[in-house]
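Student: Can we look at the hollow spaces in this model together?
Tutor: Yes. Here it is.

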Amino acid sequence: MEQAAYKPGEHPDLPPPSDTVGPIAWVRANLLSSPTNIVLTVLSIWFLYEIIPATLDWAFLDAAFTGESRDECRAKAGGACWAFIGERFNLFTYGFYPADERWRIDLAFVLLCVALLPVLWDRCPLRKYGLYFACAFPFVAGWLLLGGFGLTPVDTDEFGGFMLTLVIGITGITFSLPIGIILALGRQSDMLIVRVFSIWFIEFFRGVPLITLLFVASTMLNYFLPTGTTFDLLLRVLIMVTLFASAYMAEVIRGGLQALPRGQYEAADSMGLKYWTSMRLIILPQALKISIPGIVNTFIGLYKDTTLVIIIGLLDPLGVGRSSLADTKWTGLSNEMYLFVAIFFFISCFGMSRYSLYLEKKLATGHER
Amino acid sequence: MNETADKSNDNPEKEIVIVIRKMHKWYGQFHVLKDINLNVERGEKIVICGPSGSGKSTLIRCINRLEEHQDGEIIVDGTELTNDLKNVELVRREVGMVFQHFNLFPHLTVLDNCTLAPIWVRKEPREEAEATAMEYLERVKIPDQANKFPGQLSGGQQQRVAIARSLCMKPRVMLFDEPTSALDPEMIKEVLDVMIELANVGMTMLCVTHEMGFAKTVADRVIFMDEGEIIEQNKPHDFFDSPQHDRTKLFLSQILNH
């Protein structure tokens, strides 16, 4: 028998063999581990070789960045005509908001960033005051965007573009989370009326397409409401979008609530904690943490669904884009328009997704039973 | 109250903390607890044993109303358990409970686990609650883990935190629901040691456990349950040496000779 290198109990920790670590080992293990794998690697490289240069060519190298019309672009270069986006950029951003008042949107956006910072980042300096400001922000932003009290009033049909997307998206996100939590708790309630109401609310709003809700908001409400009462179309859309997202949110959170072991509820009960205290301090923090991926999923879905408002005549970025394409100067540039809008949505949604990963990591106390 | 005390309480001077009279409980049609009568004196240590499914956990869970009973009465420290939430909350403040699976709150540190109820139920100021918590963590010998999360501790340490967490509410009665059943063998002792110490300082304890060694050293009374009934109760010495009932004999022979 071979002589053991160390006596029992004296074996030191040794490094792993050198051919199992480092970049070469990684390539071997991940790209070239089997004949199929080698074929797939070669195919992927060929595919990228075909795609990337052509895309770069179209988007940058052979693209026209200046010009007064599509024909001018075409005369300069064979690729994308970004001059179109450049000329319409303000329209894409602000919709038909009066040009002199656009600083109000810029200011609201800056304040939004200031308000989000303490909400999203728990080590933000002066966080407490930041959170107060975040609570006040919706009113400040509403005042800035709508006017009144010293500012020129602006009608909501002049809202449009990315600004409209942000208004609907952020309002929906902010209100759907708390409403969703209440509905999820209501669905588990011992009180019959609360439970039945929650279930029917959720099932109704989940069971109908958002488009029909938007139609109801834009046309049918007029039949139901007493004649003479009008309230703003955008406000109705906001309410519908929020309720729609809340129903989804409630189900996501219910999943989190059910994933908690019964013992957590029992431990809280056995200590004599009141219902709302134990929900707030023990159950919801854990349930929401479990639900983060689903919650963010719902947020992203809601955010992208804002493009549906085009159907009832609100001019979101796609609406602005399509009306711009109708201009004879720029006709036929739909690739550029859709790509531009897609990039905007991608950046926002990718940001949300990354933030949720960061949050999950931060909240992992890592060691759930 | 003394006249209702059952015969094992031969000293009428002693204060009765828990009175259970003609208590029945059903799960749907299933009759889990049948005609339970039990008085617990202040400072008494009771061990409840019996085969699985005999209703012993359900019984102690009725005492802080984690389970509802349908007939009879349970009076804890002068408060009767009814549907009145006020009474339930009152009882739960005075009764601590330790679970088989610890049920620590994984998103809070050990210290926060211990201070949560004193701060929110007893409305103690945070500093005071933290001082008390550290005192009890010291007593269960893990003050150095105070700022860790439960998931970073071993099972035995978690259970000791759970005991400390209950003690922080300064309960008058402690309920233990199989506190060592989910532990690795080498960790059982550290938890039992804490429980023995607690018994020695005079805590009123009701303990569902299969640790017969613990029953012999600590218990004032051992209760044997089967199929929802209290079959037999006696001082540990008599209980183990001369069991009266056939079912008790069978049970003891099964758990002691393996």
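Tutor: This is a predicted model. One definition comes before the rest: a pocket is an open set of points, and its lining residues have an atom within 4 Å of a point.

Student: What gives the most to the lining of the second largest pocket?
Tutor: α11(A) does, with five residues. The second largest pocket holds about 1,300 Å³ of space. Its lining has 33 residues, and among the closest to its centre are Asp269(A) and Arg92(B). α2 of chain B also supplies at least two residues of this lining.

Student: How is the lining of the second largest pocket divided by class?
Tutor: It has 15 nonpolar, eight polar and 10 charged residues.

Student: Why is a space called a cavity and not a pocket?
Tutor: In a cavity a 1.4 Å probe fits but cannot get out, whereas a pocket is open. The structure holds three cavities of 30 Å³ or more. The largest has a volume of about 120 Å³.

Student: Which residues lie nearest the centre of the largest cavity?
Tutor: Ser270(A), Met271(A), Gly96(B), Met97(B) and Ser166(B), out of 14 lining residues. The lining divides into eight nonpolar, three polar and three charged residues.

Student: What makes two residues in the lining of the second largest cavity charged?
Tutor: Its lining includes Arg139(B) and Glu197(B). Arg and Glu count as charged, so these two residues are the charged ones. Val and Leu count as nonpolar. The lining also includes Val140(B), Leu167(B), Val194(B) and Leu198(B), so the class count has four nonpolar residues. Helix α6 of chain B gives the largest share of this lining, three residues.

Technical notes: Residues numbered from 1 in each chain as written. Chains lettered and ligands numbered in written order. Predicted model: local features only at pLDDT ≥ 70, side-chain atom pairs only at ≥ 80, totals over all residues. Heavy atoms only, no water. 1 Å grid on protein atoms, 1.4 Å probe; cavity = no way out; pocket = protein on both sides within 12 Å on 5 of 7 lines; lining within 4 Å. Points joined across faces, edges and corners; volume = space filled by probe spheres on them. Helix = DSSP H or I, 4+ residues; strand = E, 2+ residues; numbered from the N terminus.
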